[in-house]
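User: Please take a close look at one part of this predicted model, a strand inside a sheet, and then follow what surrounds it outwards into the rest of the fold. I would like a connected account.

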Amino acid sequence: MAEAHAAVAFQFTVTNEGIDFDINHEALKAVFESGRRSWVKRFRRFQNGMVNTTYPASPASWLAVLTAVTALTLARVDPSMGMIEKLKNNFLPVEYLGATPAIYLSTAIYATLLWLVIIFSVRFILKRLLSYKGFMYEGRGKVSLKTKIWTVLLRCFATRKPRLFGYQNALPNLPLPPLKDTMRRYLLSVRGFLNDEEFERMELLVKDFEVGLGPRLQRYLRLKWWWSTNYVSDWWEEYVYLRGRAPIMVNSNYYGMDAIAMAPTFMQAARAANQTTGLLTFRREIERETLKPLIIQGMIPLCSYQYERLFNTTRIPGLETDKVVHLKDSKHVAVMSRGRFYKVVFQVNGKMLNPAELQKQYQLIIDDPVGPMDGEEHLAALTAGDRIPWALARQRFFMRGVNKVSLKAIETAAFMVVLDDEVQDYDTEPLKMILSNQTLPPWYKERPQELTDDQKPSPAQDEWNQNRKLDQFSHSLLAGTGHNRWFDKCFNLVIFKNGRLGVNAEHSIADAPVMAHLFEYAFGEDLSLGYTDEGACKGTVGATYASPTRLKWELSEELTSVIETSLDTAKKIADDLDFHLLVHNHFGKGKMKKCKVSPDGFIQMGMQLAYYRDAGKFNLTYEASMTRFFREGRTETVRPCTISSCDFVKSMEDASATKEERLAKFHKAVDAHVNGYRDAMCGKGIDRHLFCLYVVSKYLNEDSPFLQKVLSEPWRLSTSQTPHQQMNNLDLAKHPELISAGGGFGPVAKDGYGVSYIVAGENVIFYHVSSSRSSPNTDAWRFSKHIEQANIDILALFN
């Protein structure tokens, strides 16, 4: 009862002398501060909205225009050519206002209208300038006169430093390609791996579509393009991510990992606290829009739309489709530790807990001797299994009582913190050697059976090799145990028992480059905050705050049965996931640049050669590229398996081909790939256009054999490049041990590979290779070795 009394601001009793008021000043102060913070946030949002609405002008420019127009009017110079007088006589009640106030008011109205005309004119010009993509197709050092003029104009119209969402209204819409252009590019993209008979059938399907259903679907899609800010993104989120009924663990979520060659601390609670502080600092910059938007070449902005939902967001399961729920604010994080769930409030009376205070909170959770209640340990498996059972269970068991309260605490949290009881460790010395371009001993790279007797490792080295510790690290971040990640949350910050960390992210909310930006920032903040010599967070615990709240559950036998069924599904997926993290240290970006070829083109041609050697055939290949030059842009598909790439691979496997012939075909293949990548980034892609045409056909209840064929083709090689460094807060040249190994994802096809790679500096490339153990045709380690050898063979062409 003491807590209840303390929470009451006004207390009173009736006495013989009247009513005796007892005012709790602390409670009144808390109420006042809460209201003040609320209004400050509202004002800040209003202010940001005004700044973004008027960009590239500023609200202050309105005062300048008003002052200039008023000054000219008072000097008896009419800048409006009679419009001020017309406004006064036709729209203002002069007889009530008086002549002088009416003149001033009509002047203010005209100045405001003039200001808006200037804003929208400048924004129109800026949008037209940002629509120009000719610079993308010009080689290094070859800048046309048109591009030079464009550069000067763009710098003139975008000189003011924008806020995070400042450029949004000035970004152009994603263009809708002509139907014939997409059909032509599609046929070129499949010619390399289809035989003559298959290609003739595909040509017939394309021709029937072009003269039949295609133009009708294109007309409907053009209407959507005209009406919406982005004709792809909402359908892509809904139909590719949210409507899928299969588990999102491995199939949709992706992961990122720590800088793997260094460990700032081995204290789990301390690392979690510093990282939480860094993440919340990033969140604050998003809320205040002080985070600088990513700008290419110092002048071309990327869309910031995906940053809006990075925090305070969760995915809610449904019977037919899931939905994404985002809150404007949250003052707590949800914590999972040893099968138990907690709520940790990080903002008290408007003040953020400092890292030392957060460390204390996390340590209380770690030290809590009370184990999970019956059924609680596997509760998170609901988010890892099939979506329909989870949706039914949520409706039946989590809509009332303590289950509703506890689930709400998780779903409304800023993000999920997982204090994992596993130890994910590995020897950092070989990794430091790699990043410093030193020679590794053979036991680090090879399987034991592939070594000669004099190369056999010591028992400790053999244990390293057998355990494949980096592979286990990756596997744990992506799948965990099937019940120790809340896969529906915007992201899970995973802190292992020895202080190693990573992230598991929900894909519908944001793509990997945006999440990589977030954690690059948080990692920089982590190092900036630093640790004591003992590995604890710096600072002091300034006050005594409430302990973490243990979340409670009512888990019936029926609900426990559903949980265990979801866990069985999750375990099958996790057990079937084969993973290998290839540390390719034979060369990196430095030598590829000396070859005067695109590093991405080099890597993709290496994977085409590796896949042919692994599978004995060519196959449809997916590479993700971004379309964030456009408003609300997300991704587009690049198709690296082209006619030119197939010709190059065949020449590499042809013993009679000369080095000159192979090199010429390699350059042709890379040029074709680079042009395809440019097309995808510039809104001239193939697959998103075909996907949207397919969605329109379903709305019209029309069947298209061509679209059904295209969208049913499996991506047996799915690839993605993780950006290396999007900020300048870390000097990786001086401190290569801070380089991150990037992240990865699961295979898209059961008989295929998922490959994520990051060009991590001049000397190393990290490949995250995934496949399914149940497929007799794939092996992640084997394919990694093919990638490594293919890269070496290609580099030999230049020697």
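Analyst: For the helix directions quoted below, an axis is a line fitted to C-alpha atoms, over the stretch in contact in the case of a helix, and an angle runs from 0 to 180 degrees between N-to-C directions. The model is predicted, and its protein chain comes to 27 helices and 22 strands. Of the 799 residues of that chain, 53% count as buried, and among contacts with a separation of 6 or more, 78% are accounted for by residues 24 or more positions apart.

The part I have chosen is strand β12, residues 416–419, which is covered on both faces: M416 and V418 are buried on one side, while V417 and L419 are buried on the other. As a general matter, side chains in a regular strand alternate between the two faces of the sheet. In β12, the two pairs of buried residues are set out on opposite sides in this manner.

The neighbours of β12 on the sheet can be named strand by strand. Strand β8 (residues 332–337) runs parallel to β12 and is joined to it by four bridges, with A334 standing opposite M416. Strand β13 (residues 491–495) also pairs with β12 in the parallel sense, again over four bridges, and here L493 is the bridge partner of V417. These strands belong to an open sheet of eight, ordered β15-β9-β8-β12-β13-β14-β3-β20, in which the pairing is mixed. Its edges are held by β15 (549–550) and β20 (743–744), each of which has a single partner strand, so that one side of each is left without a neighbour in the sheet.

Two helices that pack against this sheet can be placed with respect to its strands. Helix α12 (residues 268–288) lies across β12, β13 and β14 (501–505) and runs at about 150 degrees to β13. Helix α18 (residues 469–479) packs on the sheet as well, touching β3 (254–257), β13, β14 and β20, and its direction makes about 135 degrees with that of β3.

A further helix, α15 (residues 401–411), brings β12 in from another point of view. The buried residues of α15 are N403, S406, L407, A409, I410 and E411, and what covers them includes β6 (313–316), β8, β9 (340–345), α14 (387–397), β12 and α20. Two loops attached to these covering strands hold residues with positive phi that are not glycine. N312, in the loop between β5 (300–301) and β6, has a phi near 55 degrees; its relative accessible area is 2%, under the 20% limit, and N312 therefore counts as buried. R338, found in the loop between β8 and β9, has a phi of about 50 degrees, but with a relative accessible area of 34% R338 is partly exposed.

Helix α20 (residues 557–576), named above among the elements covering α15, also leads to a second sheet, since α20 lies across β16 and β22 (765–772) and runs at about 35 degrees to β16. That sheet is open too, with six strands in the order β16-β22-β21-β19-β17-β18 and mixed pairing. Its edge strands are β16 (577–584) and β18, and each has a single partner strand, so one side of each is without a neighbour in the sheet. From one strand to the next, the twist averages 20 degrees. Within this order, β19 (residues 717–721) and β21 (residues 753–759) pair in the parallel sense over five bridges, and Q721 stands opposite Y757 in β21.

The loop before edge strand β18 deserves a last look. R634 lies there, between β17 (621–626) and β18 (635–638), and because its relative accessibility is 5%, R634 counts as buried. The side chain of R634 makes a polar contact with the side chain of D511, at 2.9 Å, and one of its polar atoms lies 3.0 Å from the backbone oxygen of H507.

R634 also takes part in a cavity lining. The structure holds three cavities of 30 Å³ or more, and the second largest contains about 60 Å³ of space. The lining of that second largest cavity is made by L174, N230, V232, S233, W236, T627, R634, T635, E636 and R688, and the elements that give two or more residues to it are α11 (233–242) and β18.

Methods
Residues numbered from 1 in each chain as written. Predicted model: local features only at pLDDT ≥ 70, side-chain atom pairs only at ≥ 80, totals over all residues. Heavy atoms only, no water. Buried < 20%, exposed > 50% of the residue type's maximum accessible area, 1.4 Å probe, protein only. Polar contact = N/O pair within 3.5 Å; in protein donor to acceptor, adjacent residues only side chain to side chain. Pairing = 2+ DSSP bridges. Contact = heavy atoms within 4.5 Å. 1 Å grid on protein atoms, 1.4 Å probe; cavity = no way out; pocket = protein on both sides within 12 Å on 5 of 7 lines; lining within 4 Å. Points joined across faces, edges and corners; volume = space filled by probe spheres on them.
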